Amino acid sequence: MRFFDESQVSLFLLAARGDKNEIVYPLAIATGMRQSELLGLKWSDLDWQKKTITIQRQLKRLFRGEGYFSPPKTRNGRRSVMLGDVTLAKLREQWERLKVLRQMAGSLWQENDLIFPSSIGTPKNQSNLYREFKELIRQSGLPDIRFHDLRHTAATLML
């Protein structure tokens with residue numbers, strides 16, 4: 001198991017500024033959500049007043065023709081997570097970013113209410129997110145970790 005320490009997290013998040021996945025990474029680090037849970041999040045899962053987000057589904061790895069989502073990995077996987085003000089501000093930025101994406105996609109946009117969709121509103125391919133994550137790590141000169149290790153990073157920082 002590998003993870004980033006606090007200074008590496010800071011460097012990583014700094015390197016992610018301006019990246020199209022800029023908002024995915026702090027949410028992963030702040031909450032410890034799995035990649036599939038992050039990509040399954042919908043705006044309807046977010047309660048702005050209570051400052052919570054509820055994990056109710058995850059993106060299937062292979063979803064051709066069988067629907068995009070499945071229940072969380074474990075029985076305890078269905079849960080609500082408290083969000084801080086900084087994370088909520090990042091989610092507001094994502095909301096604004098998606099307005100622009102919808103306009104750019106025009107008639108190609110497929111509304112799925114996803115917080116982290118592809119450029120046309122469909123679920124984002126997990127392999128693409130993983131590849132983009134690895135490229136960001138390589139460019140920033142940080143130790144090579146898996147996306148799942150952000151979950152371990154979150155747990156370590158919480159301890």
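Let us start at Thr153, which is buried with a relative accessible area of 0%. The model you are looking at is a predicted one. Thr153 belongs to helix H6, which spans residues 149-158. Leaving aside its neighbours within four places in sequence, Thr153 is in contact with Phe3, Phe4 and Val9.

**Helices H1 and H2**

Val9 is a handy stepping stone, as this partner of Thr153 also takes part in the meeting of two helices. Helix H1 covers residues 6-15 and helix H2 covers residues 24-31; their axes come within 9 Å and cross at roughly 155°. Angles over 145 degrees count as roughly antiparallel, and H1 and H2 are therefore roughly antiparallel to each other. On the H1 side, Val9, Phe12 and Leu13 make the meeting, and on the H2 side their counterparts are Tyr25, Pro26 and Ile29. By class, this contact of H1 with H2 has six nonpolar residues, with no polar and no charged ones.

How much of H2 is covered? Seven of its eight residues are buried, so the helix is mostly covered. The buried residues of H2 are Val24, Tyr25, Pro26, Leu27, Ala28, Ile29 and Thr31. Their cover includes H1, helix H3 (35-39), strand S5, helix H4 (85-105), helix H5 (126-140) and H6.

**Gly32, just after H2**

Gly32 follows directly after H2 and takes a positive phi of about 75°. This glycine lies in the loop between H2 and H3. Is Gly32 buried or exposed? With a relative accessible area of 7%, Gly32 is buried. Leaving aside its neighbours within four places in sequence, Gly32 is in contact with Leu27, Arg151 and Ala154. Of these, Leu27 is one of the buried residues of H2. Looking further along the chain, Asp113 is 81 residues from Gly32, and the C-alpha atoms of the two are separated by 22 Å.

**A three-stranded sheet**

Now for the strands. An open sheet of three strands has the order S1-S2-S5, and its pairing is antiparallel. S1 (46-47) and S5 (79-82) stand at the edges, each with a single partner strand, so one side of each is left without a neighbour in the sheet.

S1 and S2 run antiparallel and are joined by two bridges. Across this pair, Asp47 stands opposite Thr52 in S2. The two strands form a hairpin with four residues between them, where Lys51 takes a positive phi near 60°.

S2, which covers residues 52-55, pairs with S5 in the antiparallel sense over four bridges. Here Thr54 stands opposite Ser80 in S5. Thr52 has Met82 as its bridge partner in S5, while Asp47 stands opposite Thr52. S5 has a second role in the picture, being included in the cover of the buried residues of H2.

**Salt bridges**

How many salt bridges does the structure hold? There are 12 of them. Side chains of opposite charge can pair when their charged atoms come close. Three of the pairs are set out below.

| Salt bridge | Closest N to O |
|---|---|
| Glu37 and Arg34 | 3.1 Å |
| Arg57 and Asp45 | 2.6 Å |
| Glu132 and Lys124 | 3.4 Å |

Take Arg57 and Asp45, which form a salt bridge. Arg57 lies in the loop between S2 and strand S3 (58-59) and Asp45 in the loop between H3 and S1, so the pair ties together parts that are 12 residues apart in sequence. Arg57 counts as buried at 17% relative accessibility, and Asp45 is buried at 3% relative accessible area.

In the salt bridge of Glu37 with Arg34, Glu37 is buried with a relative accessible area of 0%. Its partner Arg34 is buried too, with a relative accessible area of 14%.

For the third pair, are Glu132 and Lys124 buried or exposed? Both are buried. Their salt bridge is part of a wider arrangement, as Lys20, Lys124 and Glu132 are linked in a network of salt bridges.

Note on methods: Residues numbered from 1 in each chain as written. Predicted model: local features only at pLDDT ≥ 70, side-chain atom pairs only at ≥ 80, totals over all residues. Heavy atoms only, no water. Buried < 20%, exposed > 50% of the residue type's maximum accessible area, 1.4 Å probe, protein only. Contact = heavy atoms within 4.5 Å. Axes fitted to C-alpha atoms, helices over the stretch in contact; angles between N-to-C directions. Parallel < 35°, antiparallel > 145°, perpendicular 65-115°, else oblique. Nonpolar A, V, L, I, M, F, W, Y, C, P; charged D, E, K, R; others polar. Pairing = 2+ DSSP bridges. Salt bridge = Lys/Arg side-chain N within 4 Å of Asp/Glu carboxyl O.
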